[in-house]
Amino acid sequence: MIREEDIQKAAEYIRGGRLVAFPTETVYGLGANALDSIAVARIFELKQRPSFDPLIVHIASVDEIYSLISSNDERILKLAEKFWPGPLTIVLPKSTRIPDIVTSGLPTVGIRIPHHPIALALIKQAQVPIAAPSANRFGKVSPTTAQHVRKHLPGVDFILDGGKTQVGIESTIIKLNDKGFDILRNGVITREEIEKVVPYAPETRDSKTIIASGMMLSHYSPDKPIFILSDKFKLEKEKAGLISYTGKHTEGYKKVIRVSQNGDLLEYAANLFAAIHQLEESDVEFIVAEPVAEVGIGMAIMDRLKKAAYRYQKEQQENN
Ligand code: TXA
Ligand code: MG
């Protein structure tokens, strides 16, 4: 249980330039005052995050956005009305108020209003926008509990423990362009839902100058090898931990984690990272995860799985 004093202390820490890990509805964030370059630099240091990977800025209400961006695009309000607070990050032209370190020198900034009472209370009390990447060491699987944060980042100044996060995978990231929006990272808010508000207008790869970690081929790399289950290869089940979505063919594995009881993709997303963390800490030698169809939320799940497995499945992917 989070007490009012904890939020107050965390807000003071943020204002004082320190780092606070806090729950959002997606994953835990590692927050700092987004207007304080030195505090933001500490995020990069603690996460061992390369300086070219920009951070998302979290705010508590839409009116705060206008001092942070240099645009009054009316599509922002339409999107905000439909999806905020919630797991959607919108990349927009930044104002000079946002230090360059936050955006890794890009002229744009990713902004979202999280849908989590603790995150919202923290931002409101801190009275500053909060820059926060996921609270894991760079390249590792994002934390969905306070324990995961402690494991990865023992050096964090303070953790607000809000239990397990609900959505479980990171926000959908979109960028607005002249014609509509492009998706930089898939999440539980799907292209189909966003298309009801703004047309989908993907940019060519070249014009996506950076390259959200959402777009890197390898990311979310667990400490144990992970594979996407496939008929194409034989595996030694007795050494493996299975992340099971359908509950079928689970016999013979050393460990099985059911990520969904009734075939619900939202449940798979919510439990995926926690299952990886749990199997990493267990005595299995490697992890296999059951794939799902790449449509809707399945896109976001498969995106995380492919990135986690990339290192190990490179060969297999090349053959496809
Ligand atoms: O759900 C989430 O988005 C979580 C919670 C804490 O809000 N945050 C999160 O942050 O996943 P992070 O830093 O792990 O991933 C943010 C991604 C990065 O890969 C970064 O490259 C991309 O957002 N990004 C941020 N600003 C961008 C910009 N201006 N242009 C393109 N990509 C950007
Ligand atoms: Mg991350």
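**Briefing: aromatic pairs and the packing of helices 1 and 5**

Tyr-200 is partly exposed, with 27% relative accessible area. This residue belongs to an aromatic pair with Phe-181, and the structure holds four such pairs. The model is predicted. Two of the aromatic pairs are described below, followed by a charge placed over a ring and by the packing of helix 1 against helix 5.

**Aromatic pairs**

- The structure contains four aromatic pairs, one of them formed by Phe-181 and Tyr-200 with a tilted geometry, at 5.4 Å centre to centre and 55° between the planes.
- This pair links distant parts of the chain, 19 residues apart: Phe-181 lies in strand 9 (residues 181-185), whereas Tyr-200 lies in the loop between helix 7 (191-195) and strand 10 (226-228).
- Phe-181 has a relative accessible area of 0% and is therefore buried, while Tyr-200, at 27%, is partly exposed.
- Phe-227 and Phe-286 form an edge-to-face pair, with 5.8 Å centre to centre and 85° between the planes.
- The pair of Phe-227 and Phe-286 likewise connects distant parts of the chain, since Phe-227 is in strand 10 and Phe-286 is in strand 13 (residues 286-289), 59 residues apart.
- Phe-286 has a relative accessibility of 12% and so counts as buried, the limit for that class being under 20%.

**Charge over a ring**

- The ring of Tyr-13 has the charged end of Arg-18 over it, 3.8 Å from the ring centre.

**Helix 1 against helix 5**

- Helix 1 (residues 4-15) packs with helix 5 (residues 117-126) at an angle of about 50°, and their axes are 8 Å apart.
- Helix 1 is therefore oblique to helix 5, and the crossing of the two helices is right-handed.
- On the helix 1 side, the contact involves Glu-4, Ile-7, Gln-8, Ala-10, Ala-11, Ile-14 and Arg-15.
- On the helix 5 side, the residues met are Ile-118, Ala-121, Leu-122, Gln-125 and Ala-126.
- In an α-helix there are 3.6 residues a turn, so residues three or four places apart point the same way.

**Burial and end of helix 5**

- Ile-118, Ala-119, Leu-120, Leu-122, Ile-123 and Ala-126 are the buried residues of helix 5.
- The cover over these buried residues includes helix 1, strand 1 (20-23), strand 3 (56-58) and strand 6 (130-131).
- Among the buried residues of helix 5, Ile-118, Leu-122 and Ala-126 also meet helix 1.
- Gln-127 follows helix 5 and has a positive phi, near 60°.

Note on methods: Residues are numbered from 1 along each chain as its sequence is written. Chains are lettered from A and ligands numbered from 1 in the order in which they are written. This is a predicted model: local features need pLDDT of at least 70, side-chain atom pairs count only at pLDDT 80 or more; totals for chains, interfaces and linings use all residues. Side-chain values use heavy atoms; hydrogens and water are left out. Rings of Phe, Tyr and Trp (its six-membered ring) pair if their centres lie within 6.5 Å; planes under 30 degrees apart count as stacked, over 60 as edge-to-face and the rest as tilted. Helices (H or I, at least four residues) and strands (E, at least two) are DSSP runs, numbered from the N terminus. Buried means under 20% relative accessible area, exposed over 50%, partly exposed in between (1.4 Å probe, protein chains only). A charge sits over a ring if NZ of Lys or CZ of Arg is within 6 Å of the ring centre and within 35 degrees of the ring normal. Axes are lines fitted to C-alpha atoms, for helices over the stretch in contact, and angles run from 0 to 180 degrees between N-to-C directions. Angles under 35 degrees count as roughly parallel, over 145 as roughly antiparallel, 65 to 115 as roughly perpendicular and the rest as oblique. A crossing is left-handed if the near helix is turned anticlockwise from the far one by less than a right angle, and right-handed if clockwise. Contact means heavy atoms within 4.5 Å.
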